[in-house]
Amino acid sequence: MSVNRLSGLLTRRFDKLLIANRGEIACRIIRTARALGIRTVAVYSDADASAQHVLQADEAIRLGPAPARDSYLRADLIIAAAKATGAGAIHPGYGFLSENEGFAAECLANDIVFVGPPIEAIRAMGSKSEAKKLMEGSGVPLVPGYHGDAQDIETLTAAASTIGYPVLIKASAGGGGKGMRIVSDAAGLVEAVAGAKREAKASFGDDHVLIEKYLTRPRHIEVQVFGDSQGNVVSLFERECTLQRRHQKVIEEAPSAKLTRDQRDSIQAAARAAARSIGYVGAGTVEFIAEGDAFYFIEMNTRLQVEHPVTEAITGQDLVEWQLKVAFGEALPLAQELITATGHAFEVRIYAEDPDRGFLPSIGRIHHWRQPDTTAGVRVDTGFVEGDTITPNYDPMLAKLVVWGPDRLAALDRMADALTRFEIGGVTTNIAFLSRLIAHPLVRRGDMDTGLIERDLTTLVSGSADLTPPDLAAAVAACLVREDASRNKGLSPWDRAGAWMLAGQRRRAFSFRTGSATVGASLVYAGQSKGLMIEINGIAQPFRYFASEAGLDVFLDGRKSRVSAVWDKRELGLTTANGTFKLHWIDPYVIEGTDSLGADRFTAPMPGAVTRILIEPGSPVSKGDAVLVIEAMKMEHTLRAPVTGKLVSLACSVGSFVDEGIVLGVFEAIVDAS
Ligand code: ADP
């Protein structure tokens with residue numbers, strides 16, 4: 001057993017690993033640890049008491065209440081948990097304590113292996129300004145800019161005009177896009193510096209800023225590097241993470257869509273030089289922005305990245321296995337010349353968020369979860385299963401969907417298909433947005449820059465496809481499957497009273513509201529020989545559907561298509577080859593009184609707190625009057641009177657926390673006697 005203490009690094013073999021993280025990354029680390037015969041310890045907050053990472057680990061220890069500062073950020077409790085369970089090492093995952101030099105030092109002081117780089121490396125790269133000074137010395141290209149110590153406004157103003165506008169102000173200690181300001185001319189500098197400093201101080205406790213030339217159409221390219229405690233450093237190709245929203249990655253791919261062979265060689269050489277210059281050990285990512293043929297270092301992340309699976313997909317290597325072997329003190333599994341790449345991989349980040357409402361996080365219980373088959377080049381990394389609840393405490397990423405294909409377009413096609421097979425009900429997701437994004441012509445051509453999403457946001461968010469007959473047929477099939485599931489077995493689509501018998505045919509009408517339009521189709525039973533037909537705009541075509549564990553197949557006029565249908569009450573999220581649609585099924589047999597705009601009552605549109613009551617019970621109301629205000633997820637929702645008449649009662653008071661769908665107000669309409 002070798003013990004290697006190298007500039008703040010302890011490596012040693014261990015047989016039990018504590019994972020100081022949650023969600024998909026904790027589950028993913030457990031998987032590899034188990035394959036290597038290492039026992040695992042999970043830690044959890046009260047919000048995660050029965051989360052997947054807790055269930056999958058061999059042991060688990062409660063840390064504390066839900067907020068991260070009381071649980072996943074409590075270095076002291078995590079070290080105590082490692083000691084209590086005899087874990088010889090801690091893997092920090094990403095986020096939380098993964099780049100916290102103090103935590104790495106605590107591990108070392110307690111003789112626990114920290115699965116990450118030496119403390120000095122975390123420190124060196126923890127400040128973007130310090131990192132740039134180091135890189136300058138190693139000949140790694142930098143974005144033109146200022147990263148000096150002096151922070152007075154005269155120095156910063158002079159630096160910005162030397163660099164030339166537009167410039168980007170960044171928090172030196174920054175991350176996650178916080179503390180960044182784009183400044184287009186000298187007039188805006190003073191205010192932007194003050195704003196960036198305020199945000200940096202609040203988020204990182206350090207208001208040091210740097211200034212960079214703002215590149216207007218850059219790409220984001222990063223290199224996966226790995227070092228071991230014997231001094232070897234290798235790179236495992238690049239990833240392109242150009243598809244971003246607000247400087248946050250949305251879709252990643254490997255290799256880059258556009259690099260030439262020479263560019264690939266030189267960017268990897270620069271990344272290895274960066275890693276070597278700080279004696280790097282473990283997994284790290286050197287990030288660059290590229291414009292034209294030039295690329296510039298922006299920062300190094302001293303941890304495993306969210307998007308590491310695309311590198312795994314093209315190299316066939318398990319990067320967590322590499323991390324654990326390096327933490328044992330072993331040499332890297334492969335020498336540089338033996339690391340090869342095949343094909344192309346994409347990763348999309350599936351979030352519980354609502355693109356239609358400015359990407360607001362969506363919370364709630366996942367009542368339906370179906371993921372694509374994970375054979376044939378498809379991988380799903382997640383920490384959730386059906387029945388789990390998304391709380392507002394943590395990042396709302398639900399899953400990472402990763403695909404591999406022999407070339408870039410094949411991989412994109414596979415992603416398009418896999419996305420239609422991912423169904424999540426109960427929370428709103430960005431799946432439809434991702435589907436539109438990967439179908440974007442510039443994305444397919446690989447002709448991207450970091451501003452693409454922002455520029456085309458309107459079409460990416462709402463979509464522009466019209467419902468075609470196959471989409472309507474799919475909607476009808478979804479209604480029938482839903483009824484089959486909720487009714488007693490043995491009944492046919494015709495059993496509801498009044499549904500049929502019209503001139504010898506059986507006919508049933510289906511109507512849907514989409515936006516402000518109403519669309520419809522009729523299901524027609526055309527007798528023994530012809531079977532079921534769907535009639536749209538007077539044209540009837542043969543129709544069949546087949547629902548199985550794998551999904552819903554709809555046949556219209558003999559042509560089969562696979563569709564995905566997710567119900568949330570009467571709202572149908574329908575994804576077909578033509579796009580994704582939100583439909584409201586208008587059922588003639590159900591009084592639509594449970595909707596928030598029902599005839600004589602309203603219900604809470606989402607869980608939230610009642611912040612204001614504007615009309616007291618017993619008072620007269622006019623249709624459309626604001627009655628009460630609910631605040632949910634930092635947004636205010638006003639509930640209005642559905643009728644003119646009287647507000648009879650309210651089932652809440654200011655400060656009440658209300659669940660979605662609860663009836664909050666009952667009204668009495670004035671019947672016009674004239
Ligand atoms: P953070 O650590 O907050 O994530 P980064 O420095 O890694 O910040 O930058 C995040 C993203 O911001 C980059 O991927 C890129 O899209 C954009 N960005 C960073 N620097 C520049 C620049 N000089 N010009 C244009 N865009 C930039």
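I will talk about the ligand site first and then about one of the sheets.

Please keep in mind that what we are looking at is a predicted model. The ligand is surrounded by 21 residues, and the closest of them are Lys-128, Gly-177, His-220, Gln-244 and Glu-299. Two of these also appear among the polar contacts that I want to point out: a polar side-chain atom of Gln-244 lies 2.6 Å from an oxygen atom of the ligand, and a polar side-chain atom of Glu-299 lies 2.8 Å from an oxygen atom of the ligand. The backbone takes part as well, in that a polar backbone atom of Leu-215 is 3.0 Å from a nitrogen atom of the ligand. Taken alone, the ligand would expose 560 Å², of which the protein buries 95%.

As for the make-up of this shell, it has 7 nonpolar, 8 polar and 6 charged residues. Domain 2 (144-213) and domain 3 (220-462) each contribute at least three residues to the shell, while strands S9 (167-171), S11 (209-213), S15 (282-291) and S16 (294-301) each supply at least two.

Let me turn to the sheet, where S15 and S16 come up again. This is an open sheet of 8 strands with antiparallel pairing, and the order runs S16-S15-S12-S13-S14-S17-S24-S22. S16 and S22 (378-382) each have a single partner strand, so one side of each edge strand is left without a neighbour in the sheet. From one strand to the next, the twist averages 25 degrees. Within this order, S14 (residues 248-254) and S17 (residues 344-351) pair in the antiparallel sense over 4 bridges, and there Glu-252 stands opposite Glu-347 of S17.

Definitions and conventions
Residues are numbered from 1 along each chain as its sequence is written. This is a predicted model: local features need pLDDT of at least 70, side-chain atom pairs count only at pLDDT 80 or more; totals for chains, interfaces and linings use all residues. Side-chain values use heavy atoms; hydrogens and water are left out. A residue is near a molecule or strand if one of its heavy atoms lies within 4 Å of it. A polar contact is a pair of N or O atoms within 3.5 Å; within protein, one must be able to donate a hydrogen and the other to accept it, and residues adjacent in sequence count only if both atoms are side-chain atoms. Accessible areas come from the Shrake-Rupley method with a 1.4 Å probe; for residues, only the protein chains shown count as cover. Ala, Val, Leu, Ile, Met, Phe, Trp, Tyr, Cys and Pro count as nonpolar, Asp, Glu, Lys and Arg as charged, and the others, Gly among them, as polar. Domain bounds come from an automatic or database domain assignment. Two strands pair if DSSP finds at least two bridges between them. Axes are lines fitted to C-alpha atoms, for helices over the stretch in contact, and angles run from 0 to 180 degrees between N-to-C directions.
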